[in-house]
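Please find below my notes on the model you sent, set out as numbered points. They go through the sheets, the domains and the core in turn.

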Amino acid sequence: MRLINPDAIHQTVISAINYITYHPDPELTPILERALQNEDQEIPRDVIRTILDNHRLSPEIRIPLCQDTGTTVVFAELGCAVQLEEPLEISISRAVAAAQRALPLRASMVSDPLFSRTNTLDNSPAIVHLKIVEGDRLKLIIGQKGGGAENMSFLRMFNPTVGMDELIDYIAQAVVAAGSRPCPPLILGIGIGGNFETAPLLAKRALFEPLGRAHPNPKYQDVERRILEKVNAEGCGVQGFGGKNTVLAVHILEAPCHIASLPLAVNVECHAHRHIELEVSRETD
Ligand code: SF4
């Protein structure tokens with residue numbers, strides 16, 4: 001067994017948050033530059049230029065990419081030959097709290113969602129999705145997810161007889177109806193299949209796929225392309241100011257599902273697309 005101590009996890013998460021607070025996904029810049037080139041209208045062109053300036057300046061002047069430094073979302077792959085000294089969620093949430101105090105970040109989490117809505121004051125807890133895999137490694141995908149875009153995400157349990165056109169129209173209409181609220185230009189993570197709880201997880205995980213990657217299956221790749229084109233043809237545009245660039249990328253992840261079901265979840269992500277993938281490398285001596 002390989003023993004990974006909580007300190008190593010702590011340091012990895014703090015350095016990840018320190019990085020993604022000021023740096024968007026590096027693939028985002030060339031995609032935004034292409035969007036600027038293909039955009040005809042002046043106001044959306046100005047907005048894209050402003051977003052690009054923001055991305056350039058944020059690490060230089062150490063001001064977060066967005067005032068909403070988000071919920072910390074972690075997808076963890078834990079090798080079955082790794083032993084931890086404390087539950088992973090505890091190590092990660094402690095690191096989030098320490099990072100919030102050190103940077104500082106906006107405290108965006110409340111302890112009770114319905115009644116007191118008391119702020120936890122340290123942006124904890126993180127939301128951690130754990131998968132046990134083979135091997136002796138701990139890999140973490142760490143993202144910051146803003147509330148505005150998350151609020152526009154959706155899930156629907158379709159009947160499997162639904163036609164492809166209907167499915168694509170449903171997604172496009174929901175994204176267009178969201179208007180400027182999720183801060184377009186957007187990235188759409190789409191989960192298809194699984195069940196009621198796994199489709200949204202697939203959708204969230206799909207956001208962290210390499211940006212703009214095409215699905216390896218040409219049929220799914222075609223659906224990604226059709227969704228992108230359909231939404232962008234509706235003219236909502238960057239920050240709702242019109243134009244051709246409501247959505248920059250669509251990523252689908254799929255999973256087997258019940259014969260009676262076709263779950264569909266869409267996780268909407270804004271242009272402050274912040275995430276990083278790291279391996280926790282330091283062990284207990
Ligand atoms: S949706 Fe994104 S860009 Fe808009 S306020 Fe939230 S984190 Fe910031």
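**Notes on the predicted model**

1. Lys-139 stands opposite Glu-279 in strand E10. The two strands concerned, E5 (residues 138-145) and E10, run antiparallel and are joined by six bridges. This is a predicted model, and the points that follow should be read with that in mind.

2. Strands E5 and E10 belong to an open sheet of four strands, in the order E4-E2-E5-E10 and with mixed pairing. Its edges are formed by strand E4 (127-133) and strand E10 (274-279), each of which pairs on one side only. From one strand to the next the twist averages 10°. Helix H1 (residues 6-20) packs on this sheet, where it touches strand E2 (71-79), E5 and E10, and the direction of H1 makes about 150° with that of E10.

3. Turning to the domains, the protein is divided into domain 1, which covers 2-21 + 64-145 + 274-279, and domain 2, which covers 148-269. Taken over C-alpha atoms, the centres of domain 1 and domain 2 are separated by 26 Å. The contact between them involves eight residues of domain 1 and six residues of domain 2. On the side of domain 1 that touches domain 2, strands E2 and E5 each supply at least two residues, and E5 gives the most, with three residues. By class, that side of domain 1 is made up of three nonpolar, three polar and two charged residues.

4. A second open sheet deserves its own point: its four strands have the order E6-E9-E7-E8, again with mixed pairing. Strand E6 (154-158) and strand E8 stand at the edges with a single partner strand each, so one side of each is left without a neighbour in the sheet. Here the twist averages 15° from one strand to the next. Strand E6 is joined to E9 by five bridges, the two running antiparallel, and Phe-158 has Leu-262 in E9 as its bridge partner.

5. How are the partners of strand E7 oriented, parallel or antiparallel? With strand E8 (residues 247-257), E7 pairs in the parallel sense over nine bridges, and Ile-190 has Ile-252 as its bridge partner in E8. With strand E9 (residues 262-269), E7 runs antiparallel and is joined by six bridges; in E9, Leu-264 is the bridge partner of Ile-192. Strand E7 (residues 186-194) is mostly covered, eight of its nine residues being buried.

6. Helix H7 (residues 198-207) packs on the sheet that contains E7, touching E6, E7, E8 and E9, and the direction of H7 makes about 145° with that of E7. Eight of the 10 residues of H7 are buried, so the helix is largely enclosed by the rest of the structure. The buried residues of H7 include Lys-204 and Arg-205 alongside Ala-199, Pro-200, Leu-202 and others; a reader checking the model may wish to look at these two charged side chains. The buried residues of H7 pack against E2 as well as E6, E7, E8 and E9.

7. Is Pro-256, which lies in strand E8, buried or exposed? Pro-256 counts as exposed, because it has 8 C-beta neighbours inside 10 Å, and the cut-off for that class is 12 or fewer. Pro-256 and Leu-201 are 55 residues apart in sequence, and their C-alpha atoms are 14 Å apart in space.

8. The last point concerns the largest nonpolar core, which has 66 residues; among these, Val-74, Ile-92 and Leu-188 touch the most other members. Both domain 1 (2-21 + 64-145 + 274-279) and domain 2 (148-269) give residues to this core, so it lies between them. In soluble globular proteins, nonpolar side chains tend to be buried together. Leaving aside its neighbours within four places in sequence, Leu-188 is in contact with Val-175, Ile-227, Val-247, Val-250, Val-266 and Val-268.

Note on methods
Residues numbered from 1 in each chain as written. Predicted model: local features only at pLDDT ≥ 70, side-chain atom pairs only at ≥ 80, totals over all residues. Core = buried A, V, L, I, M, F, W, Y, C linked by C-beta atoms within 7 Å. Buried ≥ 20, exposed ≤ 12 C-beta atoms within 10 Å, placed from the backbone. Domains from an automatic or database assignment. Contact = placed C-beta atoms within 7 Å. Pairing = 2+ DSSP bridges. Axes fitted to C-alpha atoms, helices over the stretch in contact; angles between N-to-C directions.
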